[in-house]
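Me: I want to go through the labels on this model and check each value against its cut-off. Please take them in turn.

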Amino acid sequence: MKVLVLNSGSSSQKSCLFDLGDVLPEDPPACVWEAKIEWQGEFAEAAIKDRNGREVKNRAKFSSRSEALEHFLRTLWEGEKPAIASPTEINVVGHRIVHGGPDFAEPVFISPKVTAAIAGVSAFAPLHNQAELEGIETIKKLLGSVCQVAVFDTGFHKDIPLAASVYPGPYEWFENGIHRYGFHGINHQYCSRRAAQMLGKDPDSLRIISCHLGNGCSLAAIHNGKSVDTTMGFTPLEGLMMGTRSGSVDPGILTYLIRQKKMTGEQLDEILNKRSGLLGISGISEDMREILAAMNAGNSQAKLAFDIYVHRLVSAIGALVAVLGGIDALVFTAGIGENSADVRAGACRNFGYLGLKIDAGKNSHPSPDQDISSPDSSVRILVIRAQEDWEIARQCWRMTHHA
């Protein structure tokens, strides 16, 4: 069974092809083909890998993102070394949908009604849902009536208790669908299961805090295999400091800017989503690697950006420890979580009182999916590679086998 996964982002598009049998493997299998497209104005830069890890890079000008996606997907069966003989070999296509809104939590087969509902909540996640709709249309154009499945990033958080999900504004907000949805749920769910597997424990026995730290950042408090709280909210803007996003700020700042500076909703959206976070404070970059390089070279704004990032991360972890009533495992995942020893060390530094002890040597050079805690730590500290694409493929396999 061949499953194609489309993971559409605001500035990139990742596609993977999995070849699965009648039994799901426990460990994530390698893709038989994958492509990552980065959007740079009118240009699209793609890195395409085959099952042997050979990579071909390609940069070209396109009139639209849809045209670029179609072009690179065709290399699956038309390239120099095609992964499949014909597009008819693809059995199902899975899409990561960032915001499912109030109507969708579980994975669902895509229909015109589902597509309309995804479009209807695109205002909640404008950087993402529109790109995902383009992906659905491109697949329809290329593969006709192939089965398509939507897997929602908000789905894992669907059972968060009302006390954690309802905002303390007018009750009408909640009645109108304004509440905490949470995001990165596909990867948080995967990390919860993977952590239990690594520790040889039943997922229902663990209290886990999963730290998804990439360009977007969120934490999830996971108890008995379910999300019970998370830092992102109604949109992916709430919570931690991120690459270009502010995370949580005093809403009074926004009303002040509207009244005193006459700012519009569009201007505020631009500032909070694209000109804040690590980039906004440092004035250098949203990339943590560049922030650390500048900080080590003596740049004071870069150091401030790093210090705010770690302070907010520590504060949020502490809050979720309180929600869980303790912690068994702290998971670091995604680009920064997997690759920044400085961030992991900073995040763990203040939790010695919980018996949490990080092994400095293991933290310096962790391999993917490794326990980096000291042997005598009462809390396990795990680095787990993000596997959103594999989790989507798993959900597609389960959907089609239970259909």
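Reply: A residue counts as buried under 20% relative accessible area, as exposed over 50%, and as partly exposed in between. Note that this is a predicted model.

Me: Why is Asp27 called partly exposed?

Reply: Asp27 has a relative accessibility of 44%. Partly exposed is the class between under 20% and over 50%, so Asp27 counts as partly exposed.

Me: What makes the contact of Asp27 and Arg194 a salt bridge?

Reply: The cut-off is a side-chain nitrogen of Lys or Arg within 4 Å of a carboxyl oxygen of Asp or Glu. The side chains of Asp27 and Arg194 meet at 2.7 Å, N to O, so the pair qualifies as a salt bridge. Asp27 is in the loop between β2 and β3, and Arg194 is in helix α7, 167 residues apart.

Me: Which class does Arg194 fall into, buried or exposed?

Reply: Arg194 has a relative accessibility of 13%. Buried means under 20%, so Arg194 counts as buried.

Me: How do you know that Lys2 and Asp19 form a salt bridge, and what does the pair tie together?

Reply: Their side chains meet at 3.8 Å, N to O, and the limit is within 4 Å. Lys2 lies in strand β1 and Asp19 in strand β2, so the pair ties together parts that are 17 residues apart in sequence. Lys2 is buried, with a relative accessible area of 19%, and the limit for that class is under 20%. Asp19, at 42%, counts as partly exposed.

Me: What makes Glu89 and Lys2 a salt bridge?

Reply: The N to O value for Glu89 and Lys2 is 3.5 Å, and the limit is within 4 Å. Glu89 lies in the loop between α2 and β6 and Lys2 in strand β1, so this pair ties together parts that are 87 residues apart in sequence. At 26% relative accessibility, Glu89 counts as partly exposed.

Me: How many salt bridges does the structure hold, and which residues do shared partners join into one network?

Reply: The structure holds 22 salt bridges. Glu106, Lys158, Asp159 and Lys226 are joined into one network by salt bridges that share partners.

Me: How do you know that β9 and β10 pair?

Reply: Pairing needs at least two bridges between the strands. Seven bridges join β9 to β10, and the two strands run antiparallel, so the pairing condition is met. Cys211 stands opposite Leu219 in β10.

Me: Why are β11 and β13 called edge strands?

Reply: The open sheet has six strands in the order β11-β10-β9-β12-β14-β13, with mixed pairing. Strands β11 and β13 each pair on one side only. Helix α12 packs on this sheet, touching β9, β10, β11 and β12, and its direction makes about 15 degrees with that of β10. Helix α14 also packs on the sheet, touching β9, β12 and β14.

Me: What makes a set of residues a nonpolar core, and which residues have the most contacts inside the largest one?

Reply: The members must be buried nonpolar residues joined through side-chain atoms within 4.5 Å. The largest such core has 44 residues, and those with the most contacts inside it are Ile209, Leu213, Met288, Tyr309, Ile317 and Leu330. Helix α12 gives the most to this core, with twelve residues. Beyond its neighbours within four places in sequence, Ile317 is in contact with Ile209, Cys211, Leu219, Leu330, Ala347 and Phe351. A second, separate core of 30 residues includes Cys16, Val92, Val151 and Ile384.

Key: Residues are numbered from 1 along each chain as its sequence is written. This is a predicted model: local features need pLDDT of at least 70, side-chain atom pairs count only at pLDDT 80 or more; totals for chains, interfaces and linings use all residues. Side-chain values use heavy atoms; hydrogens and water are left out. Helices (H or I, at least four residues) and strands (E, at least two) are DSSP runs, numbered from the N terminus. Contact means heavy atoms within 4.5 Å. Axes are lines fitted to C-alpha atoms, for helices over the stretch in contact, and angles run from 0 to 180 degrees between N-to-C directions. Buried means under 20% relative accessible area, exposed over 50%, partly exposed in between (1.4 Å probe, protein chains only).
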